[in-house]
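Reader: Got a minute to walk me through this one? I'd like to start with the strand pairing.

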Amino acid sequence: MSRGMTTAADNAASAPLVRPAIFVFIDFLGGAVRLHSGEGDCSWGGNTYNGVGRLGGISNISESKTIAAHGITLRLAAPSAYVSLSLNEKYRWRPARIWLGFYDTSTGALIADPVQVFGGRISVMDID
């Protein structure tokens, strides 16, 4: 079993057909932004995540046995409301987290429980 995954999530990750569920949380001063890679709203962990269909992209996430900072690049293909929020925010050093989970391929339901794969702070935000 993969570290931190439930048996059901581990089975879903190993299946021939995989439907990943990626959840992103960014704690802007003006309010938390919660997005997920599916369609529509998804409630998980006591919060509602807005579906954007696809997030854009996430660079490789690495870890080591030593204490070291490992950055990532997160590209969001988010609705324009989030773009305007980010333009008007003081975002530097605000918390951000990413979780990986899986949807059941036959029911579409989220399999418990997504695993946090990144936790850190925002240093730079570029808008294309």
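Author: This is a predicted model. Strand 7 and strand 8 (residues 110–121) run antiparallel, joined by 8 bridges.

Reader: How many residues sit between strand 7 and strand 8 in the hairpin?

Author: There are 6 residues between them. Gly108 lies in that turn and has a positive phi of about 80 degrees.

Reader: Which strand 1 residues are we talking about, and how many bridges join strand 1 to strand 7?

Author: Strand 1 covers residues 20–28. It is joined to strand 7 by 7 bridges, and the two run antiparallel.

Reader: Give me a register. What stands opposite Ala96 in strand 8?

Author: Gly120 does. On the strand 1 pairing, Ala96 of strand 7 has Ile26 opposite.

Reader: Is strand 7 enclosed or open, and why?

Author: Largely enclosed by the rest of the structure, because 7 of its 9 residues are buried. Strand 7 spans residues 95–103.

Reader: Switching topic. Where is His36?

Author: In strand 2, which runs over residues 31–36.

Reader: Buried or exposed?

Author: His36 is buried. Its relative accessible area is 2%, and the cut-off for buried is under 20%.

Reader: What does the His36 side chain make a polar contact with at 2.9 Å?

Author: The side chain of Tyr103. The His36 side chain also reaches the backbone nitrogen of Gly38, at 2.9 Å.

Reader: Good. And which way do side chains point in a regular strand?

Author: They alternate between the two faces of the sheet.

Key:
Residues numbered from 1 in each chain as written. Predicted model: local features only at pLDDT ≥ 70, side-chain atom pairs only at ≥ 80, totals over all residues. Heavy atoms only, no water. Buried < 20%, exposed > 50% of the residue type's maximum accessible area, 1.4 Å probe, protein only. Helix = DSSP H or I, 4+ residues; strand = E, 2+ residues; numbered from the N terminus. Pairing = 2+ DSSP bridges. Polar contact = N/O pair within 3.5 Å; in protein donor to acceptor, adjacent residues only side chain to side chain.
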